[in-house]
Amino acid sequence: MHVKSLIRRGLLPLSLAGAMVMSVPAQAETLLSTEALVAETTQQDLRADISAQLARDDIAEQLTAWGVDAATIDMRLAQLSEQELQAFANQLDEAPAGAGALAVVGVVFVVLLVLELFGVINVFNAI
């Protein structure tokens with residue numbers, strides 16, 4: 001009876017110490033450096049920003065018209081490297097919003113001016 005008690009008292013701390021020693025290298029392998037954590041967070045932020053921009057209604061409609069579905073976009077975004085994500089995010093930020101609007105206004109102005117000069121319409125009274 002006394003031997004069993006000694007074994008229990010000695011075996012339990014010994015087994016706990018062994019488990020702790022065995023688990024320390026496994027925990028050390030899972031530790032991340034600050035740079036790795038920042039890089040991972042940056043990639044997640046870039047993916048979230050790009051996904052949010054691509055999920056806009058006008059862009060989603062155009063992508064659907066081109067035959068690209070959301071699942072394909074998400075899959076391809078997941079495969080991009082950090083550099084590719086950064087380049088894509090920069091392209092999206094630099095893409096002009098409403099770039100065709102100025103051309104449309106210019107064409108409408110030229111058409112109105114030609115029609116005014118030929119006397120078809122009378123939009124510009126002072127000319």
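## Overall architecture

The secondary structure of the protein chain comes to six helices and zero strands, and from the N terminus on the elements run α-α-α-α-α-α. The model is a predicted one, and what follows should be read as a description of that prediction.

Of the 127 residues of the protein chain, 8% count as buried. Among the contacts in the chain with a separation of 6 or more, 51% are accounted for by residues 24 or more positions apart.

## Helix H2 against helix H4

Helix H2 covers residues 34–54, and helix H4 covers residues 70–79. The axes of H2 and H4 come within 11 Å and cross at roughly 155°, which makes H2 roughly antiparallel to H4, since an angle over 145 degrees is placed in that class. The crossing in which H2 passes H4 is right-handed.

On the H2 side of this contact stand Arg47, Ile50, Ser51 and Leu54, and these meet Ile73, Asp74, Leu77 and Ala78 in H4. Divided by class, the contact of H2 with H4 has five nonpolar, one polar and two charged residues.

## Helix H2 against helix H5

Helix H5 spans residues 82–94, and its axis comes within 10 Å of the axis of H2, with a crossing angle of roughly 40°. That angle makes H2 oblique to H5, and the crossing in which H2 passes H5 is left-handed.

In H2 the participants are Ala39, Gln43, Leu46, Arg47, Ile50, Gln53 and Leu54, which meet Glu82, Leu85, Gln86, Phe88, Ala89, Leu92 and Asp93 in H5. The residues of this contact divide into eight nonpolar, three polar and three charged. Arg47, Ile50 and Leu54 of H2 are listed in the contact with H5, and these residues are also listed in the contact with H4.

## Gln43, a buried residue in H2

Gln43 is found in helix H2, where its relative accessibility is 17%. Gln43 therefore counts as buried, because the class takes in residues under 20% relative accessible area.

When residues up to four places away in sequence are not counted, Gln43 touches Ser81, Glu82 and Leu85. Of these partners, Glu82 and Leu85 are among the H5 residues that take part in the contact with H2.

## The salt bridge

The structure holds one salt bridge, in which the side chains of Asp58 and Arg56 meet at 2.8 Å, N to O. Side chains of opposite charge can pair when their charged atoms come close.

Both residues of the pair fall between the buried and exposed classes: Asp58 is partly exposed, with a relative accessible area of 45%, and Arg56 is likewise partly exposed, with a relative accessible area of 43%. These two residues are in that intermediate class because their values lie neither under 20% nor over 50%.

How values were computed. Residues numbered from 1 in each chain as written. Predicted model: local features only at pLDDT ≥ 70, side-chain atom pairs only at ≥ 80, totals over all residues. Heavy atoms only, no water. Helix = DSSP H or I, 4+ residues; strand = E, 2+ residues; numbered from the N terminus. Buried < 20%, exposed > 50% of the residue type's maximum accessible area, 1.4 Å probe, protein only. Contact = heavy atoms within 4.5 Å. Salt bridge = Lys/Arg side-chain N within 4 Å of Asp/Glu carboxyl O. Axes fitted to C-alpha atoms, helices over the stretch in contact; angles between N-to-C directions. Parallel < 35°, antiparallel > 145°, perpendicular 65-115°, else oblique. Left-handed = near helix turned anticlockwise from the far one by under 90°. Nonpolar A, V, L, I, M, F, W, Y, C, P; charged D, E, K, R; others polar.
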